[in-house]
2 protein chains.
Amino acid sequence: MSEGPNIVRVAALIGDNARAEVLSALMSGRALTATELADTAGVTKQTISFHLGKLLDAGLITVEQQGRHRYFRLAGPDIANLLETLMGLAVHSEGSRLFTGPRDPALRKARICYDHLAGELGVSVYEHMLRTNILHQHPGGLQLTEQGRVWFNQFGIDTDALASSKRSFCRECLDWSERRHHLAGALGSALLTRIQELGWAKREKNSRVIVFSAQGEKLLWAMLEPQSAPPVSAQQAAVIF
Amino acid sequence: MSEGPNIVRVAALIGDNARAEVLSALMSGRALTATELADTAGVTKQTISFHLGKLLDAGLITVEQQGRHRYFRLAGPDIANLLETLMGLAVHSEGSRLFTGPRDPALRKARICYDHLAGELGVSVYEHMLRTNILHQHPGGLQLTEQGRVWFNQFGIDTDALASSKRSFCRECLDWSERRHHLAGALGSALLTRIQELGWAKREKNSRVIVFSAQGEKLLWAMLEPQSAPPVSAQQAAVIF
DNA sequence: CAGGTGGTTCGACTAGAATCGAACCATGAG
DNA sequence: CTCATGGTTCGATTCTAGTCGAACCACCTG
């Protein structure tokens, strides 16, 4: 009867309020404890433990013990990718009652997707990088060009160190709100981290929203424009804050 | 509490045996009647009617009335895409008991994904097309090159007619078994149709498997090889490297 | 050591969902 | 018109899965 892999198990797992809430919370890329998760999901500790067990079984999340805490996180970028795909579809399926809450616009503008930048800003930065040939789409996958390497280094990111890590260096990820791609992988992760280091943007507490300061957004674009700014040196940029 | 779109509804919908079976069956791209679906899902007519109602509500499938029959099909390529993504994840999550049934190898080799070719053959054909510059990955999306147009026309596909249709002309689609991309969109659809027209491959009854004749597979590759097929100049193919 | 907090296990309760039998409504064939 | 067939609706049944209360274990702190 059933050909192919067993979709049902995974889908059913996600198709529960509490668990979906957990997974969404973990989309922030943060590692959270069981009680924190219980809190955001709005259930008791016992219940969350039950759910976390199931998610672990299925390999959707992983744990790391640290003292008497257990930190849970998504098992990998694949999972985050699936969740974003689902959101992209759900946003249509919702149809009638689409309550665009107050946080929603901010969420569309810029948010964290697992560990990299997503939303309007995420895709426009990514597409800009393609246009200006910092990144290049190659049959085998996305590639960092030589000038891209220079750009990232000047931005204060050690691309060589990243490349030697085991995780996928750079790849694209589908954005649910924009329905276009943004940058993911080690490079995407490093980019966002650096942006936060420079104080250009901050994460909103308990949310996936990322708020750019007006200044920060301007500086980012300045950094990307090839003519207007021969890449601002990292130190110089950092001075601002 | 919950930010972003409501994943739960969609996921829960897929997370049921009968409905997942329905969706999988519709991945074949065929339009099927309610009783056919009831049959493949292994439930009675009443039950399938119930499930189809839910899937319709959520906009995952659509109906078309024809006489006293109602033909159901997937609502669009997005849905197919989501399902493939899910399969890609499930294949890992299954872990221990992965019963690779007898049909499985055939399914990995070549299968239909909504309406285009997937599996080993699907991705290698697609990647070959990129290498030989029939298709080109462009920041805005996938593009058919001029020489690609010629190639498709010689293959008996009227690309201009396709381009004027409303649906997305050509795009890539992630392959769950290969974890790489294959060709989708109107162009991908036309390609598969033409291959079947030529008798190079046939669909297995009641399954997503596509069986190529030894002859057919050979002819397809001959068609793609740059030296034997004039449209692609060796020069342009070499440009990539 | 005792006390407090983070997490899990067990058992029982409950709500919701899937299922089917049976009756019902349409459409097409003869 | 009558009969057969494709589908839906309704009601009743069954069962699974989420939930919590309570007890329990593990670890850290004082």
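**Figure 1. The surface near DNA strand D in the predicted model, with α4(A) as its main contributor.** In this view α4(A) supplies five residues, the largest share of the surface near DNA strand D. In total, 21 residues surround the strand, and the closest of them are A:R19, A:Q46, A:T47, A:H51 and B:R70. When the surface near DNA strand D is sorted by residue class, it comprises four nonpolar, ten polar and seven charged residues. On the side of the nucleic acid, 62% of the atoms of DNA strand D that lie within 4 Å of the protein belong to sugar or phosphate, while the rest belong to bases.

**Figure 2. Phosphate contacts of DNA strand D with side chains of chains A and B.** A polar side-chain atom of A:R19 is placed 2.6 Å from a phosphate oxygen of DNA strand D, and for A:T47 the corresponding distance to a phosphate oxygen of this strand is 2.7 Å. From the other chain, B:R70 brings a polar side-chain atom to 2.5 Å from a phosphate oxygen of DNA strand D. The elements that give two or more residues to the surface near this strand are α2 (17-26) and α4 of chain A, together with α3 (34-41), α4 and β3 (69-74) of chain B.

**Figure 3. The surroundings of DNA strand C.** DNA strand C is surrounded by 21 residues, of which the closest are A:R68, A:R70, B:R19, B:Q46 and B:H51. Of the atoms of DNA strand C that come within 4 Å of the protein, 63% are accounted for by sugar and phosphate. The surface near DNA strand C is made up of four nonpolar, ten polar and seven charged residues, and its largest share, five residues, comes from α4(B).

**Figure 4. Base and phosphate contacts of DNA strand C.** Which side chains have an N or O atom at a short listed distance from a base nitrogen of DNA strand C? In A:R68 an N or O atom of the side chain is 2.6 Å from a base nitrogen of the strand, and in B:Q46 a side-chain N or O atom is 2.5 Å from a base nitrogen. The backbone of the strand is represented here by a phosphate oxygen that lies 2.9 Å from a polar side-chain atom of B:T47. Two or more residues of the surface near DNA strand C come from each of α3 (34-41), α4 (45-57) and β3 (69-74) of chain A, and from each of α2 (17-26) and α4 (45-57) of chain B.

**Figure 5. The packing of α2(B) on α4(B).** The axes of α2(B) and α4(B) come within 10 Å and cross at roughly 70°, so the two helices are roughly perpendicular to each other. The crossing in which α2(B) passes α4(B) is right-handed. From α2(B) the contact draws on B:A18, B:R19, B:V22 and B:L23, and from α4(B) on B:I48, B:H51, B:L52, B:K54 and B:L55. These contact residues divide into six nonpolar, one polar and two charged.

**Figure 6. The packing of α3(B) on α4(B).** With their axes 9 Å apart, α3(B) and α4(B) pack at an angle of about 105°, which makes α3(B) roughly perpendicular to α4(B). Here B:A34, B:T35, B:L37, B:A38 and B:A41 of α3(B) meet B:K45, B:I48 and B:L52 of α4(B). By class, the residues of this contact are six nonpolar, one polar and one charged.

Technical notes. Residues are numbered from 1 along each chain as its sequence is written. Chains are lettered from A and ligands numbered from 1 in the order in which they are written. This is a predicted model: local features need pLDDT of at least 70, side-chain atom pairs count only at pLDDT 80 or more; totals for chains, interfaces and linings use all residues. Side-chain values use heavy atoms; hydrogens and water are left out. A residue is near a molecule or strand if one of its heavy atoms lies within 4 Å of it. A polar contact is a pair of N or O atoms within 3.5 Å; within protein, one must be able to donate a hydrogen and the other to accept it, and residues adjacent in sequence count only if both atoms are side-chain atoms. Helices (H or I, at least four residues) and strands (E, at least two) are DSSP runs, numbered from the N terminus. Ala, Val, Leu, Ile, Met, Phe, Trp, Tyr, Cys and Pro count as nonpolar, Asp, Glu, Lys and Arg as charged, and the others, Gly among them, as polar. Axes are lines fitted to C-alpha atoms, for helices over the stretch in contact, and angles run from 0 to 180 degrees between N-to-C directions. Angles under 35 degrees count as roughly parallel, over 145 as roughly antiparallel, 65 to 115 as roughly perpendicular and the rest as oblique. A crossing is left-handed if the near helix is turned anticlockwise from the far one by less than a right angle, and right-handed if clockwise. Contact means heavy atoms within 4.5 Å.
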